[in-house]
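The following exchange introduces a structure to a reader who has not met it before. Each answer sets a value against the definition of the term in use.

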Amino acid sequence: MKTTQIDLAAFGPDHLDGAVALSRQAGWPHRLEDWRMMLALSSGIAAIENKGRVVGTVLVTPYGDDCAAINMVIVDEAMRGRGLGRKLMDCALKIAGNRPLRLVATNDGLPLYEKLSFRETGSVLQYQGSVPEIERPDGVAPADHDDLDAIVVLDRIAFGAERRGLLEYIAKVGQFAVIRQAGEVRGFAAFRNFGRGEVIGPVVAANASDARALISFFIASRPGAFLRVDTTADTGLAPWLAERGFAHAGGGITMRTRGIEPPTSPALKTFALANQALG
């Protein structure tokens with residue numbers, strides 16, 4: 001009888017190809033480049049079967065000491081029900097240390113996370129598709145290099161933790177658009193390649209009208225392209241996205257541990273998330 005040995009190792013570049021295969025098995029859209037981005041911003045663990053095949057992954061993305069996000073929790077279909085998911089999560093908790101934690105859960109993963117003291121805080125709604133051509137909105141412009149510091153500040157207010165590393169990475173591989181008021185950046189949207197096409201997000205704006213304008217700026221720049229936008233139910237953007245031709249394509253459950261509360265600023269709100277990997 002053949003025995004199976006599962007080793008847990010620090011996630012490194014040698015595990016990327018196996019991780020891509022694992023995410024494809026799970027039906028996730030992440031390309032090799034998307035995994036590379038995650039690894040550049042995160043630390044994690046890979047579960048290796050018989051010193052060869054990657055059969056499990058977890059990544060932890062720290063945002064300073066404010067919090068950390070747990071991402072890419074995947075267990076090979078043939079390995080489920082053996083406690084491997086719990087082992088990977090225990091490793092993630094050690095990597096995160098004392099930081100409060102966030103994650104986006106699937107329905108399958110929800111029971112495990114609840115046992116680990118995560119609590120449900122909302123839901124992510126994923127919209128995607130090749131949308132019709134629209135006119136570029138007024139009042140939105142491409143960001144300048146000097147706008148990054150202001151973007152980081154707005155994102156921290158909306159998200160509740162500083163994500164400079166993530167935003168700097170997006171600035172290298174993608175682009176930002178901004179809304180200005182009296183010469184000051186008052187809202188922004190990010191845009192980059194992801195999965196089957198391109199993703200718009202994060203989007204931070206003071207109101208839904210500005211959020212729609214920021215999203216429309218990138219829709220207008222990519223007529224016919226396959227685009228994805230993740231939002232939350234409380235933003236009210238879902239019906240508008242559907243009207244623009246985006247199809248609802250699932251989502252997830254947002255969860256947190258102790259110590260993280262939603263942003264308190266009534267004048268600024270995160271109207272769209274980047275995606276489930278880096279929400």
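A polar contact is a pair of N or O atoms within 3.5 Å; within protein, one must be able to donate a hydrogen and the other to accept it, and residues adjacent in sequence count only if both atoms are side-chain atoms. This is a predicted model, in which local features need pLDDT of at least 70, side-chain atom pairs count only at pLDDT 80 or more, and totals for chains, interfaces and linings use all residues. Residues are numbered from 1 along each chain as its sequence is written, and side-chain values use heavy atoms, with hydrogens and water left out.

Q: What makes the approach of the Ser42 side chain to the backbone oxygen of Met38 a polar contact?
A: The Ser42 side chain reaches that oxygen of Met38 at 2.7 Å, and the cut-off for such a pair is 3.5 Å.

Q: Why is Ser42 called buried?
A: Buried means under 20% relative accessible area, exposed over 50%, and partly exposed in between (1.4 Å probe, protein chains only). Ser42 has a relative accessible area of 10%, so Ser42 is buried. Leaving aside residues up to four places away in sequence, Ser42 touches Leu59, Val60 and Thr61, where contact means heavy atoms within 4.5 Å.

Q: Why does Met72 count as buried, and why does Ser117 count as exposed?
A: Met72 counts as buried because its relative accessibility is 4%. Ser117 counts as exposed because its relative accessibility is 56%. Met72 lies in strand β4 (residues 67-75), whereas Ser117 lies in the loop between α4 (110-115) and β6 (119-130). Helices (H or I, at least four residues) and strands (E, at least two) are DSSP runs, numbered from the N terminus.

Q: What is the phi of Met72, and what is that of Ser117?
A: Met72 has a positive phi of about 55° although it is not a glycine. Ser117, also a residue other than glycine, has a positive phi near 75°.

Q: What makes a set of residues a nonpolar core?
A: Its members are buried Ala, Val, Leu, Ile, Met, Phe, Trp, Tyr and Cys residues joined through side-chain atoms within 4.5 Å. The largest such core here has 26 residues, and those with the most contacts inside it are Ile200, Ile215, Leu227 and Phe246. Helix α7 gives the most to this core, with seven residues. In soluble globular proteins, nonpolar side chains tend to be buried together.
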